[in-house]
Amino acid sequence: MAEAPIVTARAVERSYGARRVLRGVSFDLARGDALLVTGANGSGKTTLLRLLVGLAVPSRGTIDVALHRSRLGFVGHEPLVYRELTALENLDLYGRLYRVPERRERIGMLLERFGLWDARGERVSAFSRGMTQRLGLCRALLHEPELLVLDEPHSALDTQGAGLLDQELESLAGQSTLVVATHEPERLERVATASLSLGTT
Amino acid sequence: MSGYLGDVAALARKDLRLELRARDTLPAMLLFVLATLVVFHFAMPADAGDDPAYGLLWVALVFTSLLGLARAWVPEREAGALDGLVLAPTDRSAIWLGKTIASLAFLGAAEVVAIPAFVLFFAPLDAHALAGVVLASVGICAVGSLVSAMAAASRGREVLLPLIFLPLVIPIVVGGVGATISEEPGKFLAFLGLYDAVFAILSWAAFEYVVTE
């Protein structure tokens with residue numbers, strides 16, 4: 001018997017005032033699937049991802065995620081961190097809120113992996129955009145999410161950072177469910193199991 | 001419950017740490033409340049008596065709190081940190097409670113400076129008046145943290161916050177002035193306590209709906 005999907009989207013619509021940014025989106029995702037979401041600017045990729053993680057609700061249709069929000073990881077256009085806290089303080093705060101076991105070890109390991117260990121005591125306001133994006137990825141991966149939702153995660157990264165992210169996604173492929181909005185689908189061809197192309201409505 | 005309180009403590013501690021680093025809010029509140037009391041001191045006729053001065057104390061405290069609340073959610077607006085908190089598995093009311101406690105700490109610090117200055121410039125304050133200030137501060141921060149979160153999510157936040165906040169705190173001003181000048185301050189203190197309880201519960205329950213689109 002096929003495994004029940006952990007994400008079910010049916011005829012999802014989202015409007016902001018009179019402007020409809022998303023129309024008639026339906027898909028299922030099972031554990032371990034990797035969905036690439038592509039489309040032009042303004043096609044609703046970010047909106048779809050915010051609906052998926054529960055930061056917004058559909059205007060019509062339904063989107064069900066059969067996971068508690070403690071099992072979701074999200075990186076949006078913003079890194080979702082505090083600019084006047086250090087990298088370590090940000091991850092420690094989120095580690096507490098997510099009840100991450102062996103928090104300090106996990107934080108240290110992620111900072112090392114994403115090349116931020118030496119900058120761990122610096123405030124995020126002093127970080128470059130790429131470093132901030134790497135920290136956002138550390139935050140999203142801190143609690144080992146079962147569903148990882150990434151909105152154009154390569155956008156601010158240099159070649160090395162993008163390579164690290166590709167490695168991370170490849171190691172997660174088949175274990176975690178991935179939803180990645182991207183303008184570079186060819187980067188993720190090896191991990192993708194499905195794709196969804198959004199058109200402007 | 002200890003997990004919930006631990007989250008609240010972590011969130012409030014984060015706000016205090018941010019303020020210690022950035023010094024964006026508290027110095028502005030201290031300067032504002034002192035400047036306001038000085039202006040009132042020179043604006044009040046010498047023979048006006050004590051009662052109008054007590055009213056001015058409450059005006060100064062409400063507007064000082066408004067200044068702090070206007071900045072309360074600025075760190076969360078930067079870099080999308082509020083989305084990060086909303087996604088975290090903690091009860092969302094913990095975000096409101098942490099912010100309320102931090103706002104109360106800032107307002108309390110401003111009052112520690114404002115009250116001696118008021119006594120110096122205007123008139124003495126008795127224990128009932130001080131109890132009124134404490135109860136009023138709790139209500140102001142409970143309601144203010146919710147309203148400022150609503151305002152922070154909107155485009156016209158600078159206008160929206162005072163438009164919603166000031167009418168909501170009129171009962172606090174009535175209770176506070178009553179506790180300060182009435183011959184029966186107990187009933188005004190009870191009124192302030194009731195206001196705190198009702199609005200804290202409402203704000204605690206409503207916060208979840210304020211932070212999702």
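This passage walks through the sheets, helices, core and chain contacts of a predicted model with chains A and B.

A convenient place to begin is the five-stranded sheet of chain A. Its strands follow the order S5-S6-S7-S3-S8, the sheet is open, and the pairing is parallel. Strand S5 (72–75) and S8 of chain A stand at the edges; each has a single partner strand, so one side of each has no neighbour in the sheet. From one strand to the next, the twist averages 10 degrees. Within this sheet, strand S3 (residues 34–39) of chain A runs parallel to S7(A), and four bridges join the two. One residue to look for here is Leu36(A), whose bridge partner in S7(A) is Val180(A). Helix H1 (residues 45–53) of chain A lies across S3, S5, strand S6 (147–151), S7 and S8 of chain A, and runs at about 155 degrees to S6(A).

Leu36(A) also appears in a contact with a loop residue. Pro185(A) sits in the loop between strand S7 (177–181) and strand S8 (194–198) of chain A. Although their positions lie 149 residues apart along the chain, the C-alpha atoms of Pro185(A) and Leu36(A) are separated by 6.9 Å. Leaving out residues up to four places away in sequence, Pro185(A) touches Leu36(A), Thr38(A) and Ser195(A). Pro185(A) counts as partly exposed because it has 14 C-beta neighbours inside 10 Å.

Chain A holds another sheet, this one with antiparallel pairing. Three strands make up this open sheet, in the order S2-S1-S4. Strand S2 (19–29) and strand S4 (60–65) of chain A are the edge strands, each pairing on one side only. Here the twist averages 25 degrees from one strand to the next. Strand S1 (residues 7–16) of chain A is joined to S2(A) by seven bridges, and these two strands run antiparallel. A handy landmark is Val12(A), which stands opposite Val25(A) in S2(A).

The nonpolar interior comes next. The largest nonpolar core has 121 residues, among which Leu52(A), Cys138(A) and Val149(A) touch the most other members. The element that gives the most to this core is helix H7 (residues 127–152) of chain B, with 14 residues. For Leu52(A), the contacts beyond four places in sequence are Val7(A), Ile63(A), Val65(A), Val149(A) and Val179(A). Such grouping has a familiar background: in soluble globular proteins, nonpolar side chains tend to be buried together.

Helix H2 of chain A deserves a closer look. H2(A) is mostly covered, with eight of its eleven residues buried. The buried residues are Ala87(A), Glu89(A), Asn90(A), Leu91(A), Leu93(A), Tyr94(A), Gly95(A) and Leu97(A). Both chains contribute to the covering, which includes H3 and helix H4 (129–141) of chain A as well as H1 and H5 of chain B.

The contact between the chains can then be viewed from the side of chain B. In total, 20 residues of chain B are in contact with 24 residues of chain A. On the chain B side, the elements giving two or more residues are helix H1 (2–22) and helix H5 (81–87). H1(B) provides the largest share of that side, six residues. By residue class, the chain B side divides into ten nonpolar, four polar and six charged residues.

Several backbone details complete the picture. After H2(A) comes Arg99(A), with a positive phi near 55 degrees. Glu102(A) lies in the loop between helix H2 (87–97) and helix H3 (103–113) of chain A. The phi of Glu102(A) is near 45 degrees, a positive value in a residue other than glycine. Glu102(A) counts as exposed because it has 10 C-beta neighbours inside 10 Å. In chain B, Arg23(B) is found in the loop between H1 and helix H2 (26–43). Arg23(B) has a positive phi of about 50 degrees although it is not a glycine, and it counts as exposed, with 10 C-beta neighbours inside 10 Å. Back in chain A, helix H5 (residues 159–172) has 14 residues and reaches 20 Å from its first C-alpha to its last, close to the 20 Å expected at 1.5 Å a residue. Just after H5(A), Gly174(A) takes a positive phi of about 85 degrees.

Key
Residues numbered from 1 in each chain as written. Chains lettered and ligands numbered in written order. Predicted model: local features only at pLDDT ≥ 70, side-chain atom pairs only at ≥ 80, totals over all residues. Expected span 1.5 Å × (residues − 1). Core = buried A, V, L, I, M, F, W, Y, C linked by C-beta atoms within 7 Å. Buried ≥ 20, exposed ≤ 12 C-beta atoms within 10 Å, placed from the backbone. Contact = placed C-beta atoms within 7 Å. Nonpolar A, V, L, I, M, F, W, Y, C, P; charged D, E, K, R; others polar. Pairing = 2+ DSSP bridges. Axes fitted to C-alpha atoms, helices over the stretch in contact; angles between N-to-C directions.
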